[in-house]
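Reader: I should like a close look at a single part of this structure, with the criteria behind each term stated. Please begin with one helix and its surroundings, and then relate that region to the rest of the chain.

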Amino acid sequence: MKRIKFILFGFLLSLVVQSCGEKSTNNDDKLKSAPWEEIETIAEGTTVNFMMWQGSTAINDYINNYVVPSVKGKYNINLQISGGQGPEIVQLVMGEKQADIEQGQVDMVWINGETFFQLRKVKGLWGPFVEQLPNASLINFEDSYISTDFQQPVNGMEAPWSINQFAIVYDFEKVPNPPKNIPELKNFIKEHPGTFTISNDFTGMTLLKSFMAELGGGPNVLDGAFDENKYKQLSQKLWKFINDNKQYFWKEGSTFPKEQSKMNQLYANGELLIAYGFNEGGIEDKVLTGLYPESTKGYAWSNGTIRNSNYLGILYNSPEKQVQCRLLISCFPLRHS
């Protein structure tokens with residue numbers, strides 16, 4: 001229950017910050033010290049545009065049928081959802097920056113990793129704001145999985161949303177003994193050509209990182225600051241494995257699924273015998289909805305799988321959506337939970 005309240009407060013704060021635009025940045029300090037009751041008052045009746053990945057029916061159902069009506073009922077805030085992730089968000093921000101657009105199309109975004117890094121590089125996020133959220137005290141910011149996003153300190157520029165674990169998916173009736181390491185995978189794809197692939201998205205990149213860690217000798221080999229020499233050595237091993245074996249991939253490695261949802265469909269119709277992704281609970285959802293066969297199971301790679309935190313961020317040019325903010329403020333800092 002605390003997590004649900006935390007999420008709602010996070011939405012409220014992000015909604016407020018996003019709904020006020022960014023014209024009077026000199027008032028940031030005043031906004032950061034404003035009582036929460038004032039934030040609630042300012043947020044009432046506003047509209048916030050939230051861009052998020054929409055590849056999970058369970059998450060979409062949660063957002064559309066719980067979060068949207070909850071923030072409307074509790075705070076009279078209209079939350080509008082649009083689909084988009086990673087490169088689409090970065091391209092949107094870059095395009096609006098180049099066009100000098102002060103009030104953008106999107107307020108809040110669901111991000112992490114490379115997207116967070118790129119948005120920080122181009123100053124595409126508004127903040128810091130996380131400590132202003134009422135339920136920030138419930139978050140363990142000492143946990144490096146929360147305070148660090150792909151080795152980049154979060155520093156209050158994005159609010160923790162959820163943590164997922166990468167899992168491999170297989171049909172135990174078709175594959176009684178699925179591969180659990182790279183040597184086993186080599187043998188598997190040779191015995192079952194065309195039934196494995198790597199999606200050309202964040203999920204596929206995560207699998208490649210898992211492979212790289214294994215090729216380096218263990219799950220902790222990639223820890224620490226970026227080491228260019230180590231990266232060159234391990235990436236050469238990784239691409240040698242891919243190039244030496246892609247003839248056994250789906251479509252002989254001539255093309256790769258654009259995103260995980262396509263790969264899920266290929267697994268569902270039997271073209272692929274192995275799939276993968278974050279959020280092991282999503283496996284059950286896909287079985288219950290009939291997408292995956294009931295004989296589907298999930299498992300972890302022998303070398304371990306990657307745990308991933310994701311976040312909510314506020315874009316630098318969140319548009320003004322309401323009547324003028326009180327206290328001569330046209331930008332209200334979000335208090336994320």
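Author: The account below starts with one helix and then moves outward to the rest of the chain.

The model is a predicted one, in which local features require pLDDT of at least 70 and side-chain atom pairs count only at pLDDT 80 or more, whereas totals for chains, interfaces and linings use all residues. Residues are numbered from 1 along each chain as its sequence is written, and side-chain values use heavy atoms, with hydrogens and water left out.

The chosen part is helix H8, which spans residues 182-191. Helices (H or I, at least four residues) and strands (E, at least two) are DSSP runs, numbered from the N terminus. Within H8, the residues Ile182, Leu185, Phe188 and Ile189 are buried. They lie on the same side of H8, because they cover an arc of only 110° around the axis. That arc is taken from the directions from the helix axis to the C-beta atoms. Buried means under 20% relative accessible area, exposed means over 50%, and partly exposed lies in between (1.4 Å probe, protein chains only). The cover over the buried residues of H8 includes helix H9 (202-216), helix H10 (228-245) and strand E8 (274-277).

The N-terminal end of H8 is capped by Asn181, a side-chain oxygen of which lies 2.9 Å from the backbone nitrogen of Glu184. A polar contact is a pair of N or O atoms within 3.5 Å; within protein, one must be able to donate a hydrogen and the other to accept it, and residues adjacent in sequence count only if both atoms are side-chain atoms. Asn181 itself belongs to the loop between strand E7 (167-171) and H8. Apart from its neighbours within four places in sequence, Asn181 is in contact with Glu214 and Trp301, where contact means heavy atoms within 4.5 Å.

Strand E8, named above as part of the cover, deserves its own description. Ile274 and Tyr276 point one way from E8, while Ala275 and Gly277 point the other way, and all are buried. In a regular strand the side chains alternate between the two faces of the sheet. E8 pairs with E7 in the antiparallel sense over four bridges, and Tyr170 stands opposite Ile274 of E8. Two strands pair if DSSP finds at least two bridges between them.

Some residues of this region also line an enclosed space. A search of the whole structure finds two cavities of 30 Å³ or more, and the second largest cavity holds about 40 Å³ of space. Its lining consists of Ile168, Pro179, Leu185, Phe196, Leu207, Phe211, Ile274, Tyr276, Tyr299 and Trp301. H9 and E8 each supply at least two residues of that lining. On a 1 Å grid over the protein atoms alone, a cavity is a set of points where a 1.4 Å probe fits but cannot get out, and lining residues have an atom within 4 Å of a point. Grid points are joined across faces, edges and corners, and a volume is the space filled by probe spheres set on the points.

Elsewhere in the chain, strand E10 (residues 307-314) is mostly covered, with seven of its eight residues buried. E10 pairs with E3 in the antiparallel sense over four bridges, and the bridge partner of Val109 in E10 is Gly313. Strand E6 (residues 159-165) also pairs with E10 in the antiparallel sense, over six bridges, and Ala159 stands opposite Leu312 of E10.

Several loop residues complete the picture. Ile101, in the loop between helix H5 (86-98) and strand E3 (108-111), is partly exposed, with a relative accessible area of 34%. Its C-alpha atom is separated by 7.6 Å from that of Asn317, 216 residues apart along the chain. The peptide bond from Gly127 to Pro128 is cis, with omega near 5°, and Pro128 is found in the loop between helix H6 (113-121) and helix H7 (144-147). Lys123 lies in the loop between H6 and H7 and has a positive phi of about 55° although it is not a glycine. Most residues other than glycine have a negative phi, and most peptide bonds are trans.

For the whole protein chain, there are 12 helices and 10 strands. Of its 337 residues, 51% count as buried.

Note on methods:
On a 1 Å grid over the protein atoms alone, a cavity is a set of points where a 1.4 Å probe fits but cannot get out, and a pocket is an open set with protein on both sides within 12 Å along at least five of seven lines; lining residues have an atom within 4 Å of a point.
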